[in-house]
Amino acid sequence: MRKISFKYTGILAVFMSIFLVSCSREPIFTKTYSIQNPIDGTYTVNCTAYENVPDDTMDVDIIYNEEKIISIFTQFNVYNYPIEMIYLFEFDSCKYYYIGYVDRAHIMITHENNNSGMKNKKDDFYLNSKYYSSSQDYKELSGIINKNVTSKDIKEKFHQCNYNPEKIIELMSFYGEDKESTT
């Protein structure tokens, strides 16, 4: 009986050690850089990576005009650094941003936290058409985008920034009518 309990105590000690190591918040890597575009100016991106088990993680904070506007918690790798950023519009007290990465793009929606006034990440939509048909959320997002901006405006903004508007235009056309086509 003692051998069994000693065995379980040893296993428990190993798991507790792994848990404690994974909970440590000592940064293993930090990086600060800027994303600039001719429409918005400069966004500052602060990345801090942490060693965790089984995967290393990273906090990404995006700052605009000395105010943190977006915080993202993600896996630590080269593909999770934002490289494109543009403000799209504001609707219903939420701000809509396009964020481009090396291999994907997102629409990020922020809102003000009533308690602190700080803007927090509200929702994150991965721009990939395989998700559009399976989600009511994407249909609603497409409708909101179409009500607030035209595909012509998106194309012009993205062209000025040398960004590819293909993914957001695809979402806009997937549901609803573009405002341009109704006039």
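A disulfide is a pair of cysteine sulfur atoms within 2.5 Å. By this rule, the count for the structure shown above comes to 0 disulfides. Please keep in mind that this is a predicted model, so every value below is computed from predicted coordinates.

Two cysteines are worth a look while we are on the topic. Cys47 counts as buried, at 1% relative accessibility. Cys94 also counts as buried, with 6% relative accessibility.

**The overall layout**

Stepping back, the chain has 5 helices and 8 strands. If you walk along from the N terminus, the elements run α-β-β-β-β-β-β-β-β-α-α-α-α. Of the 183 residues in the chain, buried ones make up 36%.

**Aromatic pairs**

How many aromatic pairs does the structure hold? There are 10 of them. One of these joins Tyr33 and Tyr81 in an edge-to-face arrangement, with 6.3 Å from centre to centre and 75° between the planes. Tyr33 belongs to strand β1 (residues 27-37), while Tyr81 sits in the loop between β4 (67-75) and β5 (84-91), so this pair ties together parts that are 48 residues apart in sequence. Are the two tyrosines buried or exposed? Tyr33 has a relative accessible area of 17% and is buried. Tyr81 is buried too, with a relative accessible area of 10%. Both calls follow because buried means under 20% relative accessible area.

Phe89 and Tyr96 give us a stacked pair, with centres 4.6 Å apart and 20° between the planes. Phe89 is buried, and so is Tyr96. This pair counts as stacked because its planes are under 30 degrees apart, whereas an edge-to-face pair has planes over 60 degrees apart.

Ring pairs also link several tyrosines into a cluster, made of Tyr43, Tyr64, Tyr87 and Tyr97.

**A lysine with two rings**

Now back to the pair of Tyr33 and Tyr81, where a lysine joins the picture. Which residue lies over the face of Tyr33? Lys31 does, at 5.2 Å from the ring centre. The charged end of Lys31 also sits over the ring of Tyr81, at 4.5 Å from the centre of that ring.

**A nonpolar patch on the surface**

Turning to the outside, Val78, Tyr79, Ile83 and Val102 form a nonpolar patch on the surface. Together they have about 390 Å² of accessible area. Val102, one of the members, is found in the loop between β6 (94-100) and β7 (105-112). With 51% relative accessibility, Val102 counts as exposed.

**Two residues with positive phi**

Finally, here are two loop residues whose backbone angle may catch your eye. Neither Asp92 nor Asn162 is a glycine, yet each has a positive phi. The table sets them side by side.

| Residue | Phi | Location | Relative accessibility |
|---|---|---|---|
| Asp92 | about 55° | loop between β5 and β6 | 64%, exposed |
| Asn162 | near 60° | loop between α4 (151-161) and α5 (166-174) | 68%, exposed |

Asp92 counts as exposed because its relative accessibility is 64% and the cut-off for exposed is over 50%. Asn162, with a relative accessible area of 68%, is exposed as well.

Notes
Residues are numbered from 1 along each chain as its sequence is written. This is a predicted model: local features need pLDDT of at least 70, side-chain atom pairs count only at pLDDT 80 or more; totals for chains, interfaces and linings use all residues. Side-chain values use heavy atoms; hydrogens and water are left out. Rings of Phe, Tyr and Trp (its six-membered ring) pair if their centres lie within 6.5 Å; planes under 30 degrees apart count as stacked, over 60 as edge-to-face and the rest as tilted. Helices (H or I, at least four residues) and strands (E, at least two) are DSSP runs, numbered from the N terminus. Buried means under 20% relative accessible area, exposed over 50%, partly exposed in between (1.4 Å probe, protein chains only). A charge sits over a ring if NZ of Lys or CZ of Arg is within 6 Å of the ring centre and within 35 degrees of the ring normal. Patches are made of residues with over 30% relative accessible area and no salt bridge: like charges are joined within 9 Å, nonpolar side chains (Val, Leu, Ile, Met, Phe, Trp, Tyr) within 5 Å. Accessible areas come from the Shrake-Rupley method with a 1.4 Å probe; for residues, only the protein chains shown count as cover. A salt bridge is a side-chain nitrogen of Lys or Arg within 4 Å of a carboxyl oxygen of Asp or Glu.
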